[in-house]
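This report describes a protein chain, beginning with one strand and its pairing and then turning to the chain as a whole and to a single loop residue. The sequence and the structure are shown first.

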Amino acid sequence: MCGIIGYIGKKPAQNVILEGLRRLEYRGYDSAGLCIINSKGAFELRKKSGRINDLAAVLAKQPAKGDTGIGHTRWATHGPPTDANAHPHLDQSRKIALVHNGVIENHQLLKERLLAKGHQFTSQTDTEVLAHLVGEYYEKVHANNPNANGTTLTEAVRLALKDVVGTYGIAVVHADHPGQIVGARRGSPLLLGVGRDENFLASDVSAIIAHTRRVVYLNDFEIVTLSRDDFQVSTIEAAAVSPQISEVEFAAEEAERGKFPHFMLKEIFEQPQAVQNAIRGRISHEEATARIGGLNLAPGELRSVDRVIYIACGSALHAGMVGEYLMEDLARVPTECDYASEFRYRNAPVEKHTLVFAISQSGETIDTLAAVRESRRKGHKTLGIVNVVGSTIAREVDGGTYMHAGLEIGVAATKTFTSQITTMTLLAVLMGRMRHLASTRGTEILRGLEEIPAKMERVLKQSDAIAAIAKKYCDANSFLFLARQINFPIALEGALKLKEISYIHAEGYPAAEMKHGPIALVDPRTPSVFLCPKNSVYEKVMANIEEVKARKGPVIVVATEGDENIQKRADDVIYIPDTLECLQPLLTVLPLQLLAYHIAVLRGCDVDKPRNLAKSVTVE
């Protein structure tokens with residue numbers, strides 16, 4: 001859950017790396033640092049706890065000059081966020097600098113081995129241990145073959161990583177090899193950016209998109225050696241690899257906020273377009289069904305599926321829960337949604353004709369990736385619903401579909417969440433039309449889905465009104481989010497959004513479960529947010545609202561346009577356009593995203609970089 005960037009070329013490396021770190025700050029922002037090799041073959045090391053601006057202030061006073069270097073923005077795992085624990089870390093000789101994402105699980109054992117040889121450590125991190133280990137092997141390789149300067153660092157990295165237990169994405173430089181950067185990955189994303197007379201290394205394509213759109217995604221146990229005008233990829237066992245260069249599908253402008261004060265607000269307002277992108281070219285009105293390429297399953301194989309499992313984490317899990325309702329309702333296929341972190345460890349019985357879907361925005365979520373590997377290891381057909389083309393999950397699943405939501409920078413998922421639901425709606429229609437779903441019903445759902453972007457626009461126009469509601473409740477210490485049936489996962493998502501960015505305690509529940517415990521929390525200081533659009537459980541949710549009002553609890557309701565009855569029971573109402581019940585989550589979630597956003601802003605929170613969180617969770 002950190003960011004890496006490396007640069008080798010003709011430009012001032014400090015500028016390229018600092019710009020890349022700013023784009024990567026959403027991946028980690030406890031501390032940051034860089035190491036540049038100057039024209040004299042010496043390191044210019046600068047690192048600082050805090051945000052990227054704190055590092056920039058250091059560089060303004062002490063510029064680091066040179067055209068080769070590595071940088072890192074950290075989300076602390078081993079050791080608190082201090083200057084000493086910030087990356088890059090040096091080896092014992094202080095000629096090797098290394099940045100690292102991931103966790104070295106056997107770092108203590110390795111550290112004790114190195115301490116016995118006289119090594120001295122200056123930080124509490126597992127990364128410094130790895131830097132010293134690479135340095136130890138470098139001395140051995142160089143002593144055995146002092147003339148092999150072009151491969152010495154690469155070989156030292158290769159040997160060191162064979163001793164490592166854990167996950168890593170690393171970039172390494174040596175003061176004696178100013179024309180070289182070495183990178184490697186296992187379980188933590190790393191890619192190569194291919195330029196003209198320059199090359200890049202990064203953990204996320206957003207760091208380098210302003211310079212090149214040609215990338216090579218490294219696989220686990222691969223090592224890359226970069227020079228200014230060339231690169232070589234091999235495995236940890238020294239087998240040569242023929243890399244595939246891919247073209248990034250989004251532009252650098254997507255990594256800018258534009259007119260919006262925060263990326264999160266920008267991405268909330270991009271949801272109509274994101275839904276449009278998710279359905280483009282995937283609807284067949286002639287056959288009243290969805291067309292989804294990339295599943296790599298013949299129609300007969302899809303018809304034989306008798307169980308679906310969605311595996312995911314965080315917001316993607318809540319989207320999967322909506323997908324569970326959709327698949328069972330429209331396709332009549334038994335479906336469950338499981339935490340990826342639990343699925344990977346429990347020995348769940350999974351029948352032969354079960355289809356497993358992994359849902360991940362980044363395609364790098366470590367728990368979801370491990371669950372994918374466990375599912376495939378046991379022979380289950382495993383597909384992906386991901387946003388990032390070329391991501392690890394996208395490459396390791398048997399097939400799947402891309403969401404095409406575009407770059408999402410804000411840590412709190414918004415447009416990728418609704419894109420995931422949109423994709424799973426198409427999947428449910430596809431599976432349903434292969435079974436019992438009537439063509440008239442299929443057409444109705446697909447036409448309703450095509451109307452969603454315009455209806456989203458109507459909801460988003462209420463942002464200022466929702467901000468006024470947020471002002472009334474921004475000092476509350478706790479919220480309840482309540483809904484039933486297909487909107488229940490949206491209650492969970494609304495509570496998660498509020499927790500993530502405003503640090504207010506919030507809980508989501510099925511509205512009927514309120515009587516079984518949570519109603520004890522209701523008082524005049526605890527707002528309850530109800531999702532109560534016109535649908536099959538409308539009257540039931542109305543009864544739950546009455547129960548809260550009877551206990552003097554403030555009530556905010558998301559309701560269907562034209563519902564005047566709700567005004568008598570709610571303190572505040574946010575209206576959404578009418579739509580089919582199965583499509584309501586695509587609209588009911590928008591007011592909750594905006595409510596959380598405006599409350600967080602009023603409380604002075606850093607919306608795009610909430611404390612203790614990072615965008616892509618790549619450590620277990």
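## Pairing of strand S4

Strand S2 (residues 31-37) and S4 run antiparallel and are joined by seven bridges. Within this pairing, Ile36 has Gly69 of S4 as its bridge partner. The model is a predicted one.

S4 also pairs with strand S1 (residues 3-8), again in the antiparallel sense, and six bridges connect S1 and S4. One of the bridge partners here is Thr73 in S4, which is matched with Gly3.

## Burial of strand S4

Strand S4 spans residues 68-74 and is mostly covered, with seven of its seven residues buried. In a regular strand, side chains alternate between the two faces of the sheet. For S4, both faces are covered. Thr68, Ile70, His72 and Arg74 lie on one side, and Gly69, Gly71 and Thr73 lie on the other; every one of these residues is buried.

Two of the bridge partners named above belong to the second of these groups: Gly69, the partner of Ile36, and Thr73, the partner of Gly3.

## The chain as a whole

The chain contains 18 helices and 27 strands. Its radius of gyration is 26 Å, close to the 25 Å given by the globule rule for 620 residues, so the chain is as compact as a globular protein of that length. Taken along the principal axes, the C-alpha atoms fill a box of roughly 80 × 55 × 45 Å.

Of the 620 residues, 63% count as buried. The exposed area of the chain is about 23200 Å², of which carbon and sulfur atoms supply 48%. Among contacts in the chain with a separation of 6 or more, 71% are between residues 24 or more positions apart.

## Glu286 in its loop

Glu286 is placed in the loop between strand S16 (283-284) and strand S17 (289-290). Is this residue buried or exposed? Glu286 is exposed, because its relative accessible area of 71% is over the 50% cut-off.

The side chain of Glu286 makes a polar contact with the side chain of Ser284, at 3.5 Å. Glu286 and Arg441 are 155 residues apart in sequence, and their C-alpha atoms are 13 Å apart in space.

Definitions and conventions:
Residues numbered from 1 in each chain as written. Predicted model: local features only at pLDDT ≥ 70, side-chain atom pairs only at ≥ 80, totals over all residues. Heavy atoms only, no water. Helix = DSSP H or I, 4+ residues; strand = E, 2+ residues; numbered from the N terminus. Buried < 20%, exposed > 50% of the residue type's maximum accessible area, 1.4 Å probe, protein only. Polar contact = N/O pair within 3.5 Å; in protein donor to acceptor, adjacent residues only side chain to side chain. Pairing = 2+ DSSP bridges. Rg over C-alpha atoms; globule rule 2.2 N^0.38 Å. Contact = heavy atoms within 4.5 Å. Areas by Shrake-Rupley, 256 points an atom, 1.4 Å probe, with all protein chains shown as cover.
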